[in-house]
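Visitor: Please pick one part of this chain and take me through it closely. I would like to know what is covered, what is open, and what does the covering.

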Amino acid sequence: MRAAKREILVGAAIGLGMTARAAADGGADFLLVLNAGRLRVMGAPSLAAMLPIADSNRITDEFARREILDRVRIPV
């Protein structure tokens, strides 16, 4: 396990499947799927993630399952 060796782990916050693939190919150790990232891709400002405009858990879960989980081999 890498963390046990006290190495620095690099995570990438992503909002798009292409970004996830690029981060994984670039050497990221794990990915963070963020509602704010997804909303930014949809054209909303990051602040929109804090507003009650949608079910953020559902949006994030659907996005991760549809665009991320089957395309990368690192933890999400």
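Guide: A residue is called buried when its relative accessible area is under 20%, exposed when it is over 50%, and partly exposed in between, using a 1.4 Å probe and protein chains only. The areas come from the Shrake-Rupley method with a 1.4 Å probe, and for residues only the protein chains shown count as cover. This is a predicted model, in which local features need pLDDT of at least 70 and side-chain atom pairs count only at pLDDT 80 or more, while totals for chains, interfaces and linings use all residues. Residues are numbered from 1 along each chain as its sequence is written, and side-chain values use heavy atoms, with hydrogens and water left out.

The part I choose is helix 3, residues 56-68. First, its setting. The chain holds three helices and two strands, in the order β-α-β-α-α along the sequence. Helices (H or I, at least four residues) and strands (E, at least two) are DSSP runs, numbered from the N terminus. The C-alpha trace spans about 40 × 25 × 20 Å along its principal axes. Of the chain's 76 residues, 32% count as buried. The accessible surface is about 5300 Å², and carbon and sulfur atoms account for 57% of that surface.

Now the helix itself. The buried residues in helix 3 are Ile 59, Thr 60, Phe 63, Ala 64, Glu 67 and Ile 68. These residues lie on the same side of helix 3, because they cover an arc of only 125° around the axis. The arc is that of the directions from the helix axis to the C-beta atoms. As a general point, an α-helix has 3.6 residues a turn, so residues three or four places apart point the same way. The face turned away from the buried side of helix 3 carries the exposed residues Asn 57 and Arg 65.

What covers the buried side? The cover of helix 3 includes strand 1, helix 1, strand 2 and helix 2, the last being residues 35-41. Contact here means heavy atoms within 4.5 Å.

Ile 68 is a good residue to follow. Ile 68 lies in helix 3 and counts as buried, at 0% relative accessibility. Leaving aside neighbours within four places in sequence, Ile 68 is in contact with Ile 14, Leu 16, Gly 17, Ala 20, Leu 31, Val 33, Phe 63 and Val 76. One of these partners, Leu 31, is 37 residues away along the chain, with the two C-alpha atoms separated by 9.2 Å.

Ile 68, Phe 63 and Ala 64 also belong to the largest nonpolar core, which has twelve residues. Such a core is a set of buried Ala, Val, Leu, Ile, Met, Phe, Trp, Tyr and Cys residues joined through side-chain atoms within 4.5 Å. The other members are Ala 12, Ile 14, Ala 20, Ala 23, Ala 24, Ala 28, Leu 31, Val 33 and Val 72. At least two residues of this core come from each of strand 1, helix 1, strand 2 and helix 3.

Helix 1, residues 17-25, shows its side of this packing through its buried residues Gly 17, Ala 20, Ala 23 and Ala 24. They too cover an arc of only 125° around the axis, which puts them on the same side of helix 1. Met 18 and Asp 25 are exposed on the other side of helix 1. The buried residues of helix 1 pack against strand 1 (11-14), strand 2 (30-33) and helix 3.

Helix 2 contributes Asn 35. Asn 35 is buried, with a relative accessible area of 12%. Residues up to four places away in sequence aside, Asn 35 touches Ala 49, Ser 56, Ile 59 and Thr 60.

Thr 60 also has a partner in Leu 34, which sits in the loop between strand 2 and helix 2. Leu 34 is partly exposed, at 34% relative accessibility. Besides Thr 60, Leu 34 is in contact with Ala 13 and Ile 14, again leaving aside neighbours within four places in sequence. From Leu 34 to Asp 61, 27 residues along the chain, the C-alpha separation is 9.6 Å.

Leu 32, in strand 2, is partly exposed as well, with a relative accessible area of 40%. The C-alpha atoms of Leu 32 and Ala 64 are 9.6 Å apart, and 32 residues separate them in sequence. Not counting residues up to four places away in sequence, Leu 32 touches Ala 12, Ala 13 and Ile 14.
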